[in-house]
Structures are given as C-alpha cells and as structure tokens.
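Here's a quick briefing to read alongside the coordinates. It goes from the fold of one chain to the way the copies pair up, and ends with the DNA.

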There are 2 protein chains.
Amino acid sequence: MTSEIREQVIPGERGPLEQIEQSIMQISWLAQRQFMQLLDDERFRLTLPQFYTLLHLYQIAAECKMSDLAEATQQSAASLTGVVDRLAEKQLVERKRHPGDRRQVMVVVTDRGRMLIAEIKQARREQMQAALAHLVDQEVDVLIQLLDRVLLGMTRVLEHGESGRWA
Amino acid sequence: MTSEIREQVIPGERGPLEQIEQSIMQISWLAQRQFMQLLDDERFRLTLPQFYTLLHLYQIAAECKMSDLAEATQQSAASLTGVVDRLAEKQLVERKRHPGDRRQVMVVVTDRGRMLIAEIKQARREQMQAALAHLVDQEVDVLIQLLDRVLLGMTRVLEHGESGRWA
DNA sequence: TGATATACTTAATGCTGTTGATAATCTCGA
DNA sequence: TCGAGATTATCAACAGCATTAAGTATATCA
C-alpha cells in the first residue's frame, strides 16, 4: 500500500512520512510546553535548557567539558555559559578547571542536582503516564522500538549533517 | 512480559512507559532544536512560537480570537500579544475587531503567511525524511497509528487537566 | 619566541515567558 | 439608565535564552 511512495517524494503530497513528521512535531511542541509548565513548579524552578543540561550531566555521570555539553544539548557555547551560570548559582552543578588543559572548563552535577533530577523525572513520569494510559501493553512495546529508531535516525542526521544545520 | 506493570507504577523503576516517556522527551527536545535552526534560515526568519501560531491559523483556515489562539498554541495571552505583533509586522497575519463583541481581537493568516507556511512545511518534510529514511513501510504505518494515539492522549489530558496545568 | 588555533566568556540585541496592572467593552441587575 | 462586576486583550517590568561579534586566556607549533 505504501511502497514506492517514500522513494520519490512529491512536494505537495501528504505521504505517510509527512504524517509522521507532523505528528512528531505536534507532539514535540505539546510535550515541551507541558514540561515547561511542570518545571516552573515551585519545587523545581528550572527552565527547559537548564533541565536538559542538568539531565545530560546526570546521565553521563561524569565531568563534561563545556563544548561537549553544548554539542550534546544542542545549545551554542554562548548560551550554555549563562545556563551553567544559573545552575551553578543554584548549586546544582560545579565548574572545575581541567588540570591538563587550563582552557577547558569541566562541569559536574552535584548531589543536590542529582536529587532534583530524580524528583523531576518522577513528576514527569506521572504526567506522561496520564497521556499514555490508554495504550495497551503490546502497543507500548512496539512504540518503544519505533521511537528508538526514530531517535537513532535523528541523532545520526544531526551528527552527519553539515555541522548540525540543515536546509 | 510487560503485563501487570502498567497498573501498579513503581516510583524508582524503569518500566516500559517510562522508556516511552524518555524517548518522547528526547525526541521532542531534538526535534524542536533542529526545527528552530531551520526556522532561523534567511528564507523564513521565524521563531518557534511564531511558527506554531501561524500554523494554527493556517490549519483552521479561519479567523481566530486571541484567547482561542493562546489556548490552541499553549501560550499565555500576554506572550501571544507580542508574537502576533511580530507576525503582523511581517504582514503574515492581520488583526481585526469582532463586529459583535468589540473586546475580541480576531486574527487571520494572510496570503503571504500561507505561502511562507507552505515553504516551511516543505523544508521541514525534507529535514525529517532524512531522519526517518531508514524505517521500512510497515514500521511507518504502525508508527503513524501509535503517534496519533499518543497525541490524542496528550491533548485529552491537556483539556481535562486542571486548566492545562499539572503536578 | 611569536603567530595561530582553541576554549570559553562577555556584550549587545531581540524574542519569549511570567506576573501583575490597566484599558476597553460587555452583561446584568437595580 | 446606571453602575458593579466579568471578560478580553494589552502593557510594563523583569528574567532567561538565542544569536552574533568581540574579547581573554591558554595551548600548540614553526
């Protein structure tokens, strides 16, 4: 039914890939908006860039230099400086100097930061589960696999795209 | 294998729903970041809120009052005023007064705005297709259906949540 | 040593988000 | 008809972040 269509992309048409693209974009917008409001809660008081920056440090569980952190979170170095400033003010991360190369600034998440991330992840889980509650188990399994493949494709294109920029 | 787990949600566990939630959040962040860069192209020069506001007007293909537009795009009324200001400056939308209730401001997309949306949708399609190119046809079909259901769940929770806010 | 490259920060500007106040208009009861 | 209160949108002040360009410190290497 849907074969052949993906090869030759007709500009004005609404093919299956375009449907996925529209769904992903719409879900992305809603998810980020809802999450933004959650992060604004008095318990957290984080912004989206602050959260994703902190999350990356939490996930890698190691020091990370500024440029790598910027790359991983898709922010410019200039933006990241301010984001890390505010995270450091709240004592959620710490800045260190790389002993070998004193130009590099290494960032690590603190215990305080780790605790906050755990709290936020829990709150977000509850939020998202309300939206996913009507899926049955088998759908969940399939969705997990498909989303993983989408994510893989997106990160791969990011890496191989001309310095992360398209079009 | 995954039955029973969804009913009783164990806080610290990493269940299948949590996996979906993490994938969706990560995809959302990446998709919005990449799209932000695309919109920054000299051909478009739009921001994300500007695009989604314009897109909604394009999709409903009718006048829309400010409060409905704010609701639909998940922005505060105060933010939206500025967004519409800038869209109007670029002559992508027009403001009108509602004849019956002169408090209401009605917004419509212009021809210029429609053309720009069409261009952006085309560019975005190409961008996204690079990321989805490695999915096979059957996966595409399944993914479409699952994403639709996720989207349905998210919008439903939004509507029935306490005035769009959670936690 | 001195030129160049690298890593990060700073400065300036615009957009957006939040909150609270304000202005204009409508509704409805007295 | 008048006026109190509700509704709708905007404004004002402030913080965060994106972008760009310039600046500082350090490293590398001829």
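Let's start with contact order: in chain A, among contacts between residues at least 6 apart in sequence, 48% join residues at least 24 apart. Keep in mind that this is a predicted model. Chain A and chain B are related by a two-fold axis, and DNA strands C and D each have 24 residues around them.

**Fold of chain A**
- Chain A is built from six helices and three strands.
- Reading from the N terminus, you get the order α-α-β-α-α-β-β-α-α.
- Of the 167 residues in chain A, 50% are buried.

**Nonpolar core**
- In soluble globular proteins, nonpolar side chains tend to be buried together.
- Here, the largest nonpolar core runs to 100 residues.
- The residues with the most contacts inside that core come from both chains: A:Ile20, A:Phe35, A:Leu46 and A:Phe51 on one side, and B:Phe35, B:Leu46 and B:Phe51 on the other.
- A:Ile20 is a good one to click on, with B:Leu132, B:Val140, B:Leu143, B:Ile144 and B:Leu147 as its contacts once residues up to four places away in sequence are set aside.

**How the two copies pair**
- A turn of 180 degrees with a shift of 0.0 Å along the axis lays chain A on chain B, at an RMSD of 0.1 Å.
- That's what a two-fold axis does.
- To find the axis in chain A, look for A:Ser28, whose C-alpha is the nearest to it at 2.1 Å.
- The copies meet through the same surface, because 99% of chain A's interface residues are interface residues in chain B too.

**Around DNA strand D**
- The nearest of the 24 residues here are A:Thr47, A:Arg86, B:Arg33, B:Ser67 and B:Arg95.
- Of the strand D atoms within 4 Å of the protein, 82% belong to sugar and phosphate.
- Phosphate oxygens of strand D have polar side-chain atoms of both chains close by: A:Ser79 at 3.2 Å, B:Lys65 at 3.5 Å and B:Ser67 at 2.9 Å.
- The elements giving two or more residues to this surface are α2 (48-60) and α4 (77-89) of chain A, plus α3 (66-73) and α4 (77-89) of chain B.
- α4(A) gives the most, with four residues.
- By type, the surface near strand D splits into seven nonpolar, nine polar and eight charged residues.

**Around DNA strand C**
- Which residues come nearest to DNA strand C? They are A:Arg33, A:Thr81, A:Arg95, B:Thr47 and B:Arg86, out of 24 around the strand.
- Sugar or phosphate supplies 80% of the strand C atoms within 4 Å of the protein, and bases make up the rest.
- An N or O atom in the side chain of A:Arg33 sits 2.4 Å from a phosphate oxygen of strand C.
- For A:Ser67, the distance from a polar side-chain atom to a strand C phosphate oxygen is 2.8 Å, while for B:Gln50 a side-chain N or O atom is 3.2 Å from one.
- At least two residues apiece come from α3 (66-73) and α4 of chain A and from α2 (48-60) and α4 of chain B.
- α4(B) gives the most to the surface near strand C, with four residues.
- This surface divides into seven nonpolar, nine polar and eight charged residues.

Definitions and conventions
Residues are numbered from 1 along each chain as its sequence is written. Chains are lettered from A and ligands numbered from 1 in the order in which they are written. This is a predicted model: local features need pLDDT of at least 70, side-chain atom pairs count only at pLDDT 80 or more; totals for chains, interfaces and linings use all residues. Side-chain values use heavy atoms; hydrogens and water are left out. A nonpolar core is a set of buried Ala, Val, Leu, Ile, Met, Phe, Trp, Tyr and Cys residues joined through side-chain atoms within 4.5 Å. Buried means under 20% relative accessible area, exposed over 50%, partly exposed in between (1.4 Å probe, protein chains only). Contact means heavy atoms within 4.5 Å. Copies are superposed by least squares on the C-alpha atoms of residues with pLDDT of at least 70 in both. A residue is near a molecule or strand if one of its heavy atoms lies within 4 Å of it. A polar contact is a pair of N or O atoms within 3.5 Å; within protein, one must be able to donate a hydrogen and the other to accept it, and residues adjacent in sequence count only if both atoms are side-chain atoms. Ala, Val, Leu, Ile, Met, Phe, Trp, Tyr, Cys and Pro count as nonpolar, Asp, Glu, Lys and Arg as charged, and the others, Gly among them, as polar.
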